[in-house]
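Biologist: Please take one part of this model and look at it closely. Then work outward to the strands and sheets elsewhere in the chain.

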Amino acid sequence: MDMNSKLAGNEVGLMVYFPFEGYYEDNLGVMHQNQTLRNFNADLNAKDAVICVGNAFTTDAPNMKDARPVQAIAYDYVASENAIIINPKAHLLPQLEKNSIEITVDGIEDKYGNRMASPATWTAYLSRNPVRWEDERRMFTKEVYQSLEFTATIKNTGGQQIGFSITNLPAWLTASPSSGVLNLESTREILFTVNPAINVGEYNHDIILRTENGFDERLPLALRVYKKPPDWKVNPSGAEASMNIVGCIMIEGILSTDVLDLVAAFKKGTDLIRGVNNVRYIPEFDSYLVFLNVFGNVVGEELEFMIWDASTGQITDDVSPDSIVFKPNAVLGTTLEPVVFKGNNLFRQYIPLAKGWNWVSFNKKASNQNNLNSFLGSLEPGEGDQIKSQINFNNFHNDYGWILGSIDSIDNRRMYQIKISNPDTIIYSGRYLYPEEEPIELATGWNHIGYLPDLSMDINDALRLYTAGNSEIIKSQFAFSMFDDRVGWIETLEMMQPGVGYMLKVNKEAVLDYPKSTVFKGANIPFYSSPVSYPLE
């Protein structure tokens, strides 16, 4: 039995041995074996077991698998001379495909009447389907919002035409052709297209090739969708001294085991980076730690930290400890008691702006969005640059900022059009919004609407809670879709995504509610065992 003791969030392996069996004793001539809670491992640090009073639960589990299920099947057989032919019932063949069959015969006599001394047993693997995938599995990685197409080939090794269909496709994947006829001894390529609305995460799915005779062939598909990490780079040669921190990352109360997660140190209140590194797996401790070099020239400089959560593609900038003082050659944390960098529910949002007009919206609740000059403080606008809502506007003045107008604060439910003199980026921090708590009232005609969910969605998925009428239109700055009650939203606007603003033309007064979940969300990015290095340059 393997038992782990946890120290400061790290697991230290300790092997113990509990047979729960003691010595034999003679009890009135009968030998009985005593029960014991003694640990038979000679390690002095390994303690004896104790009886737990009440209920106990642990997420630790032994590395064991359930026994393989066994089921009797119906069959026919024919015996002739020295051969036996055993055939499973024909209607069972699709269920038995790609399974092992254990066969046992007993009581067979030779021509002299002598019976077998013991039963004969052997195993057969059933593979009768002539149509199959040429690939055993397909694995892909793509950046979020980027397109992805791939092909997989099916092959007919039999001597007759067979009809096929591609089934069990997830909502984010289409196949062409999805059905057809495969000629004898021929192949055909199937084109698969991944919906660009698919979000950051890991997706594992089995695509099924089904033939007209009921056989299924499985093609495992693994897809990882990622978002590029922030461009955090450090120049060690520009610093006179350094200090070292041994830590770990905790996001939403869960210790990070993702080696793509990063923690970065900054001069407090600025974007001046002082150090950055990723989570590393330490096999000796079975722990995930961060070894952070922090560089600086000013003794006593206050530091703050940010976390890059790769599994969600988010930057958390509300991190505790919220302040550490730079001291040359100081060492904070150990492998047993690391500094815990805790990420809280405050996330940094980046909205890039092109020169000219931009349609934007804001799906994080910021503490300063009732002060336009503070909220747009990351921009370097020019004289006459403008921000406008559907009915109000503000112009930028070099001496006074965004004051020449009537927009006092940012409404997350609305779209804004921003005209900027040079390419720039809006940077702000805020907390998640709950779309179901932020209904958007719609007036007849055009409405400037924001996009509130934190995940991108296919247009039909994003608007599924809204009862649209024929010929109603939604458009972004670059594309549009029209509603048709026969097929839903059609045309060039395929998805809605955070940071983008939209215009919606409706035929009547209504309320728009965004869903809080989507079929385009996968599991977390997988945990990798090898570290990723980020150069300090």
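**Asp-458 and the strands**

Modeller: Asp-458 sits in strand E40, which covers residues 457–458. Keep in mind that this is a predicted model. Is Asp-458 buried or exposed, and which side chain of opposite charge is nearest? Asp-458 is buried, and it has no salt bridge. The nearest side chain of opposite charge belongs to Arg-464, 8.6 Å away. A salt bridge would need a side-chain nitrogen of Lys or Arg within 4 Å of a carboxyl oxygen.

The side chain of Asp-458 does have a polar partner in the backbone. One of its polar atoms lies 3.0 Å from the backbone nitrogen of Asn-460. Leaving aside residues up to four places away in sequence, Asp-458 touches Asn-195, Ala-197, Glu-494, Met-495 and Phe-520.

Now the sheets. One open sheet has five strands, in the order E39-E45-E41-E42-E43, and its pairing is antiparallel. Its edges are strand E39 (445–449) and strand E43 (488–491), each pairing on one side only. Neighbouring strands in this sheet are turned by 25 degrees against each other on average, direction ignored. Within the sheet, strand E41 (residues 473–475) and strand E45 (residues 502–506) run antiparallel and are joined by three bridges. Ile-473 stands opposite Lys-505 of E45.

Another open sheet has four strands. Their order is E9-E11-E15-E13, again with antiparallel pairing. Strand E9 (131–133) and strand E13 (173–176) are the edge strands, and each pairs on one side only. Here the average turn between neighbouring strands is 30 degrees, direction ignored. E13 pairs with strand E15 (residues 186–194) over four bridges, in the antiparallel sense. Across from Ser-176 is Leu-191 in E15.

Strand E24 deserves a stop of its own. This strand spans residues 302–309 and is mostly covered, with six of its eight residues buried. Which strands does E24 pair with? Strand E20 (residues 262–267) is joined to E24 by six bridges, and the two run antiparallel. Leu-262 stands opposite Trp-308 in E24. Strand E27 (residues 324–325) is joined to E24 by two bridges, also antiparallel. There, Glu-302 has Val-325 of E27 as its bridge partner. Strand E25 (residues 314–316) is joined to E24 by three bridges, once more antiparallel. Asp-309 faces Gln-314 in E25.

E24 and E25 also form a hairpin, with four residues between the strands. Gly-313 in this hairpin takes a positive phi near 70 degrees.

Finally, a hairpin with another kind of cover. Strand E5 (residues 75–80) is hardly covered: of its six residues, the count of buried ones is zero. E5 pairs with strand E6 (residues 83–88) in the antiparallel sense, over six bridges. Tyr-75 has Pro-88 of E6 as its bridge partner. Two residues lie between E5 and E6 in their hairpin. Glu-81, in the turn, has a positive phi of about 55 degrees.

To return to the start: Asp-458 is buried without a salt bridge, while its side chain has a polar atom 3.0 Å from the backbone nitrogen of Asn-460.

Methods:
Residues numbered from 1 in each chain as written. Predicted model: local features only at pLDDT ≥ 70, side-chain atom pairs only at ≥ 80, totals over all residues. Heavy atoms only, no water. Buried < 20%, exposed > 50% of the residue type's maximum accessible area, 1.4 Å probe, protein only. Lys, Arg positive; Asp, Glu negative; His and termini not counted. Polar contact = N/O pair within 3.5 Å; in protein donor to acceptor, adjacent residues only side chain to side chain. Contact = heavy atoms within 4.5 Å. Pairing = 2+ DSSP bridges. Axes fitted to C-alpha atoms, helices over the stretch in contact; angles between N-to-C directions.
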